[in-house]
Amino acid sequence: MCGIIGCVAEEPVADILLEGLKRVEYRGYDSAGMATISGRRLGVRKGVGRVSEIEERKKMSEMSGSTGMAHTRWATHGGVTDENAHPHASCRETVAVIHNGIIENYIPLKKGLQAKGHRFKSETDTEVISHLVEDEYKRTKDPLKATVAAVKKLKGQYAIVVLFQDRSDVMTGARKDAPLIVGVGKNKTFLASDVLAFIGQTDRTIFLDNLEAVEITKDRVKIVGPDGKAVSREPTQVAWELSDVSKSAFAHYTLKEINEQPKTVLSASVQDKAKVERFAQAIRKAKSVYITASGTSYHAGLLMKFRLNKEAKIRTDVVVAGELKEHTEFMGDGSVVVAFSQSGETADVMEAVKEAKKHGAKVYSIVNAVGSSLARESDEVLLLNCGPEVGVAATKSFTSQVVVANIVVDAVLGKKRSNGYKELSEAVAEALKCEAEVLELVRLYMGRPDFYFVARGYESPVALEGALKLKELSYIHAEGMPASELKHGTLALIEDGTPVVIINPSGPNHAESLSNAEELKARGADLIGISDEEDEVYKHFIHVPKVQPKFAPIVEAVPLQLLAYHMSVARSNNPDYPRNLAKSVTVK
Ligand code: M6R
């Protein structure tokens, strides 16, 4: 959940690090810091707050040195304080470490180190790594060997970068179940948690495998595997454009990403036929099919399950990734697990996938981040092609997931590739034109404590998605559920003026949903209809274009995303960085 960047260069690195830090800030944003080696001096500046606030106070950009690293934190162990912000220096300040992950055995390690005389300055699990590396470096005099020896003592997850006070020419790193990649530039080399950190500097990347460690200089990369043997790996070119990682003319990344959807549904529709066919074959032949994902990606999984059941007649279980290990009784050789993830780094998803493999299942994934851990752990991967998603709320990745899921289901059904994507893209552009209606809803309901979202059948996951979006961006309590469930309890909460969003496209469930709407209205709810067909039962109505039923969730999601976004802005939140959350959830 934390963002990491390190760089060894010929030139001063502080500005490069600061720029990269801002780009990975979406990964965690409660505190941040930077460390550089200048001459034989280790400098550390860090504090609580957003990167720009810390820069204001501590002037990280003025740090000298051509080797340095920086970190944005999403707190796990230890409160949000200046002392707990990374980097963490060892007691003699010979070593400094930044870390993403959780060290599960840090308490016994800390006790052991304290008994040897090490003094700790923070409450974090991370600090043990600095002290361990310090000891190992004293013994081995070799940065990479010291790093490898130290991480061997760790239990848990980590991506770390280490600076050595007497070696301004090198930096080391290591990873286990958390992302760490190498960027290979001209006379500068990077270690980072993702490509966005250095995309303005280089697009040549080496993806480190799990349990590998690395030492970089400005023009050399040395990788060692878990057995200590050298690994040779060429850089690959990553395609994300720098323009994709800026806000352009938009006030926030989230708004930019919502508005990109007419384009991204089209790019998601461009898939390699042979890969899609292999994906479909695997599902067709599987003895059992599971879908697993978290959050918004889980909602996309629910939509895929619906079509696999109803149209392809393939029994499919959808399990939230963090719970998959509890649902493996019937999993085995011949099972297929389809994993959805934007980041490809979600710890719950990675654990689910490992568990599935342990049971003999094959893993097929639908991922946005090229080269991510999930992409590399999977037997087959289909990419979302929607470019980097920086806003913590999943928006364009969701609609792209629904596109890719539909392509796979169509292939399972043996359908020829549908040509409806141009029309879909136009419909999404049309759906975006609801800003006036959305702003009116925001004006009327921004002070309400609760919102409800209901739908039926294929649309039910869209209700869940609408509620999730509103919760995470506006901090208003929201619940999503099938409309049929209302009468089993939730109706008790409906009173005069309670806003209820009802997603109700024309089609087989339309009339029944209208009956539920009447029941809600009779109890005082203010109904907000989202549909291609208006009805007088709704107090407010947002029209979305009529599309093929399989694409309806895509156009319906758009006004829900805009509602959450504008509600967030109106309530003075930062929609790109909602409190307590992080984009890439790399802890369990
Ligand atoms: O990167 P992933 O798709 O695996 O992330 C899964 C969830 O953490 C993510 O969808 C989360 O729920 C979003 N913040 C929702 O907008």
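Analyst: Let's start with a term: helices are DSSP runs of H or I with at least four residues, strands are DSSP runs of E with at least two, and both are numbered from the N terminus. This is a predicted model, where local features need pLDDT of at least 70 and side-chain atom pairs count only at pLDDT 80 or more, while totals for chains, interfaces and linings use all residues. Residues are numbered from 1 along each chain as its sequence is written, and side-chain values use heavy atoms, leaving out hydrogens and water.

User: What comes just after α2?

Analyst: That's lysine 59, which takes a positive phi of about 50 degrees. Helix α2 itself covers residues 51–58.

User: Why is alanine 174 called buried?

Analyst: Buried means under 20% relative accessible area (over 50% is exposed, in between is partly exposed, with a 1.4 Å probe and protein chains only). Alanine 174 has 1%, so it counts as buried. You'll find it in strand β8, residues 171–176.

User: Which residues does alanine 174 touch?

Analyst: Contact means heavy atoms within 4.5 Å. Leaving out residues up to four places away in sequence, alanine 174 touches Thr147, Val151, Tyr158, Ala159, Ile160, Leu180, Glu212 and Ala213.

User: Back to α2: how do you know that its buried residues line one face of the helix?

Analyst: The buried ones are Val51, Ile54 and Glu55. Looking down the axis, they fall within an arc of 105 degrees, so they line one face. That arc is taken from the directions from the helix axis to the C-beta atoms. They pack against α1 (14–23), β2 (31–38), β3 (41–48) and β4 (67–73).

User: What makes the ligand's pairing with threonine 346 a polar contact?

Analyst: A polar contact is a pair of N or O atoms within 3.5 Å; within protein, one must be able to donate a hydrogen and the other to accept it, and residues adjacent in sequence count only if both atoms are side-chain atoms. Here a ligand oxygen is 2.5 Å from an N or O atom in the side chain of threonine 346, so the pair qualifies. Likewise, a ligand oxygen is 2.7 Å from a polar backbone atom of glutamine 342, and a ligand nitrogen is 3.0 Å from one of valine 392.

User: How much of the ligand does the protein cover?

Analyst: The protein covers 91% of the 410 Å² of accessible area that the ligand has on its own. Such areas come from the Shrake-Rupley method with a 1.4 Å probe; for residues, only the protein chains shown count as cover.
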